[in-house]
Amino acid sequence: MAAADRHGRPRQLFWTWASPNLEFATIFVGVLAVSAFGLSFSQAVIAVAIGNGLGAVSHGVLSARGPRFGVPQMVVSRLAFGYRGNAVPAALMSVTAGIGWFAVNSVSGAFALGTLTGMPALLCLVIVVVAQIGLAFFGHNLVQAYERWIFGVLAVVFAIGAVVTFAQASPGAVAGTGGVGGFLLTVGAAFGYTAGWNPYAADYTRYLPESVSGRAVGWAAGGGLFVATTVLMATGAASATLGGGDGSPTAAFTGHMPGWLSALTLLAIALGAVAANALNVYSGALAFLTLGVDLPLAWRRALVALAFGAVGFVLAWLGLADAGTAYEHFLLVIAYWVSPWLGVVFADQLMRRGQAGLDRLLSDTGRWGRPGLVAFLVAAVASIALFANQTLYAGPVPRAVPEVGDVTCFVGFGLAAGLYAVVGRRWVRR
């Protein structure tokens, strides 16, 4: 990217990454920690802080590389996976970001709008989806502007809602029977939520001047992510100690609030869903285009955004009936593939430290990157087969030792990094 086209400052990244996490999907992770994973309030806060911290650190490290290369994150991923091998993580990112997360956030936005207005859920879903696709359709600058504008609105509303929730909460009312397994499940779910943004990291730092401080970029991006997710997840955990609440999850969360604050919070939830999904559709489309899809340059991102939005809408519609259970599993599944991808990417980054001329490797269409792909696939398959703990499938380890919870993401990361360090040495020297 030409130097004249670069613009912005690192500090803008704080609200870019805080804004999309000021939404109900973030809050609901804290709710799940208490209501589904059986933790007490204090245990839940510690667990989400650990998971969010790990995801925010990795996000900061990845974000810091954006100004150097000036390309989206899944293009930078080609250093470890090669041009062709990178198609696998890029495709997974496209599905989970452009479609999966889009569906999750659309459901929460539709629930909030329905509770606020009394309109049918399907009509609310259509309104939310149209707003999200429209924002992503016009690209990077409009997305950045919306995140900057909406940050203050969401921050004020959710701050007031958090104060009211904490004032009424009963932290000691929930004893916490989830044990180590519930704690690790919560860490994994929080990590899956926060690290789910990692494949987007450089997408929003690539336009910064190459001369900016990488440390400042990393602190701003990771800090915005950590603060927003941890505060709202803790608020969700506090709300779960209140008990009661009928109807949709958003209605249950706002049921204890005064009428005026309930209405503002529901509106903020809907606006927050739009903020999150503008990034999801935009970055999901960018990842899809790294697969080498041949479309006219001027229209390819916008057309892919429309297509992803349409598929995400259908999934959101199907998920309106039982959103909570589906979301719980979705968070863990994201971590299943993001973790081994991170293991390979970080191992490659560490092994290439000090090398010059990496830019040319990003566009070398002849590079397969078999070591990275093999390490990723072996680690993902092995960790899922042995450690996954889902309703549809539980590996032999959690079946034999239920107290282990679900540590698939941690095993996948370590195994992928270790394998790549062994098999990728010759690849890195090329």
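This passage describes a helix pair, one long-range contact site and one further helix in a predicted model.

Two packed helices are described by the angle between their axes and the distance between the axes. For helix α6 (residues 78-85) and helix α16 (residues 370-387), the axes come within 7 Å and cross at roughly 100 degrees. Because angles of 65 to 115 degrees count as roughly perpendicular, α6 and α16 are assigned to that class. On the α6 side the contact involves A80, F81 and G85, which meet G372, L373 and F376 of α16. By class, this contact comprises 4 nonpolar and 2 polar residues, with no charged residues.

Helix α11 (residues 214-240) was examined for its length, its burial and its N-terminal end. At 1.5 Å a residue, its 27 residues should span 39 Å, and the end C-alpha atoms are indeed 39 Å apart, so the expected and modelled values agree. The helix is mostly covered, with 19 of the 27 residues of α11 buried. Its N-terminal end is capped by S213, of which a side-chain oxygen lies 3.3 Å from the backbone nitrogen of R215.

Residue A112 belongs to helix α7 (residues 87-117). Its relative accessibility is 0%, and A112 therefore counts as buried, the cut-off being under 20%. When residues up to four places away in sequence are not counted, A112 touches T250, L266, I269 and A270. A112 is also 8.5 Å from T265, C-alpha to C-alpha, although 153 residues separate the two in sequence.

Key: Residues are numbered from 1 along each chain as its sequence is written. This is a predicted model: local features need pLDDT of at least 70, side-chain atom pairs count only at pLDDT 80 or more; totals for chains, interfaces and linings use all residues. Side-chain values use heavy atoms; hydrogens and water are left out. Axes are lines fitted to C-alpha atoms, for helices over the stretch in contact, and angles run from 0 to 180 degrees between N-to-C directions. Helices (H or I, at least four residues) and strands (E, at least two) are DSSP runs, numbered from the N terminus. Angles under 35 degrees count as roughly parallel, over 145 as roughly antiparallel, 65 to 115 as roughly perpendicular and the rest as oblique. Contact means heavy atoms within 4.5 Å. Ala, Val, Leu, Ile, Met, Phe, Trp, Tyr, Cys and Pro count as nonpolar, Asp, Glu, Lys and Arg as charged, and the others, Gly among them, as polar. The expected span of a helix is 1.5 Å times one less than its number of residues. Buried means under 20% relative accessible area, exposed over 50%, partly exposed in between (1.4 Å probe, protein chains only). A polar contact is a pair of N or O atoms within 3.5 Å; within protein, one must be able to donate a hydrogen and the other to accept it, and residues adjacent in sequence count only if both atoms are side-chain atoms.
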